[in-house]
Amino acid sequence: MSAHAPAPGADDPLALQGVIPPTITAFTEDESVDPKTTAAHARFVVDRGVHGVFPLGTNGEFTLLTPDERTRVIEAVVTEIDGEVPVIAGVGAPSTHETIDHAKQAANVGVDGLVVVTPYYYPIDDEGAVEHYRRVAQSTSLPVYVYHIPSKTGNALSRETLIEIAELDGIAGIKDSSKDVPLLGQVVADAPNASFFAGSDSLLVPGLNLGCCGLVSAVANAFPELVVELYDAYDDGDEERAQALQETVFEVRRAFKQGPYLAGVKSALSLRGFDSGPLRSPLRRMSDAEETTLAEELERLELLSR
């Protein structure tokens with residue numbers, strides 16, 4: 001598929017690349033999971049050109065869901081997409097035991113790959129992290145993608161540990177949301193058989209420059225066309241155009257961050273006519289004033305007329 005953009009790693013059986021939004025979990029007004037609208041959001045981004053979907057990432061509010069709710073979300077998305085693009089689902093948990101349980105449930109409903117965030121809350125050392133991923137990978141025949149986001153988990157993995165994990169049997173790739181550019185560059189260079197995914201909208205083009213084959217973009221949840229255009233421009237060798245689109249992504253990201261954590265995506269979707277309901281408490285939607293400001297910013301960027 002790719003020409004100029006980096007290719008997936010040889011250890012990645014799904015050969016994942018391109019734009020892979022961490023899709024949202026929709027809720028009804030009483031904060032119950034809404035599987036139908038959750039699936040409709042996956043359809044929304046796939047119909048606009050993304051190359052894969054990732055339910056139950058950070059934007060999917062996975063830590064606020066019960067195990068049964070997680071399974072219902074994955075099943076709804078898998079059923080809706082029906083093999084059109086790969087579906088990789090978040091199954092991470094603080095314990096190895098629970099992570100393996102989630103992985104089995106996700107496999108049972110037909111997911112293509114598993115995304116495993118580093119264990120959170122309790123500190124883990126390098127040996128514990130490697131053993132965690134070894135046991136999870138051994139428990140499943142599905143490809144496992146490491147999700148490294150130390151700002152949320154409290155557990156940062158060293159370059160050496162990430163490389164050791166990348167070389168485990170069954171590990172297909174790494175989604176890095178550390179925003180540590182030197183770390184990412186070194187791990188990409190030293191683990192050539194893994195696929196790498198830029199996990200921050202601030203580092204889409206820089207991630208591609210470092211060797212990431214995919215972009216896990218929150219902005220792509222609301223404006224998939226924008227991020228797909230960025231990726232396609234880069235893949236076509238038009239880095240100047242890709243960088244200009246990265247600047248637009250910066251502005252969208254800044255506009256999102258004027259409201260509560262994670263609220264920007266659902267508000268932007270509402271402004272595009274897609275209502276996904278509230279966030280689950282204690283997270284909250286933007287206020288009317290914040291959403292008005294967001295609308296003004298997105299109008300200025302000419303994104304709401306797409």
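# Close-up views of a predicted model

**View 1. Helix α13 and its two sides.** A289, E296 and E299 are exposed on the other side of α13, opposite the side that holds the buried residues L294, A295 and L298. Those three cover an arc of only 105° around the axis, so they sit on the same side of α13. The arc is taken from the directions that run from the helix axis to the C-beta atoms. Buried means under 20% relative accessible area, exposed means over 50%, and partly exposed lies in between (1.4 Å probe, protein chains only). An α-helix has 3.6 residues a turn, so residues three or four places apart point the same way.

The model is predicted: local features need pLDDT of at least 70, side-chain atom pairs count only at pLDDT 80 or more, and totals for chains, interfaces and linings use all residues. Residues are numbered from 1 along each chain as its sequence is written, and side-chain values use heavy atoms, with hydrogens and water left out.

**View 2. Length and cover of α13.** The helix takes in residues 288-300, 13 in number. From its first C-alpha to its last it reaches 18 Å, close to the 18 Å expected at 1.5 Å a residue. That expected span is 1.5 Å times one less than the number of residues. Helices (H or I, at least four residues) and strands (E, at least two) are DSSP runs, numbered from the N terminus. The cover over the buried residues of α13 includes α11 (239-256) and α12 (263-271). Just after α13, E302 takes a positive phi of about 60°.

**View 3. The loop between α12 and α13, with R285 and P282.** R285 lies in this loop. Its side chain makes a polar contact of 2.9 Å with the side chain of S270. The R285 side chain also reaches the backbone oxygen of G277, at 2.7 Å. A polar contact is a pair of N or O atoms within 3.5 Å; within protein, one must be able to donate a hydrogen and the other to accept it, and residues adjacent in sequence count only if both atoms are side-chain atoms. Residues up to four places away in sequence aside, R285 touches ten-odd partners' atoms no further than the contact limit: heavy atoms within 4.5 Å. The residues that R285 touches are P260, A263, K266, S267, S270, D275, G277, P278, L279 and E291. P282 belongs to the loop between α12 and α13 as well. The peptide bond from S281 to P282 is cis, with omega near 15°.

**View 4. The annotated pair Y147 and K175.** UniProt, in an unreviewed entry, places the feature "active site" at these two residues. They span 29 residues in sequence, yet no two of their C-alpha atoms are more than 4.8 Å apart, so they gather at one spot. Of these residues, K175 is included in the lining of the second largest cavity. On a 1 Å grid over the protein atoms alone, a cavity is a set of points where a 1.4 Å probe fits but cannot get out; lining residues have an atom within 4 Å of a point. UniProt positions follow the numbering used here, feature names are shortened, and annotations may be inferred rather than shown by experiment.

**View 5. Side chains of Y147 and K175.** A polar contact of 3.4 Å joins them. Y147 is in strand β4 (residues 144-148). Its relative accessibility is 5%, so Y147 counts as buried. Neighbours within four places in sequence aside, Y147 is in contact with F54, T58, V115, V116, V117, T118, Y133, K175 and S177. K175 is in strand β5 (residues 171-176). K175 is buried too, with a relative accessible area of 6%. With the neighbours within four places in sequence left out, its contacts are F54, V146, Y147, H148, F197, G199 and V216.

**View 6. V216, listed as "binding site".** The listing comes from UniProt, in an unreviewed entry. V216 sits in the loop between β7 (214-215) and α9 (219-222). At 5% relative accessibility, V216 counts as buried. Beyond its neighbours within four places in sequence, V216 is in contact with I20, P22, F54, K175, F197, A198, G199 and S200.

**View 7. Positive phi at E31 and Y121.** Phi of E31 is near 70°, in a residue other than glycine. E31 is in the loop between β1 (18-19) and α1 (35-46). With a relative accessible area of 25%, E31 is partly exposed. Y121 is not a glycine, yet has a positive phi of about 80°. Y121 is in the loop between β3 (113-117) and α4 (126-138). With a relative accessible area of 69%, Y121 is exposed.

**View 8. P182 in helix α7.** This helix takes in residues 181-190. P182 counts as exposed, at 54% relative accessibility. P182 and D68 are 114 residues apart in sequence. In space they are 39 Å apart, C-alpha to C-alpha.

Technical notes
1 Å grid on protein atoms, 1.4 Å probe; cavity = no way out; pocket = protein on both sides within 12 Å on 5 of 7 lines; lining within 4 Å.
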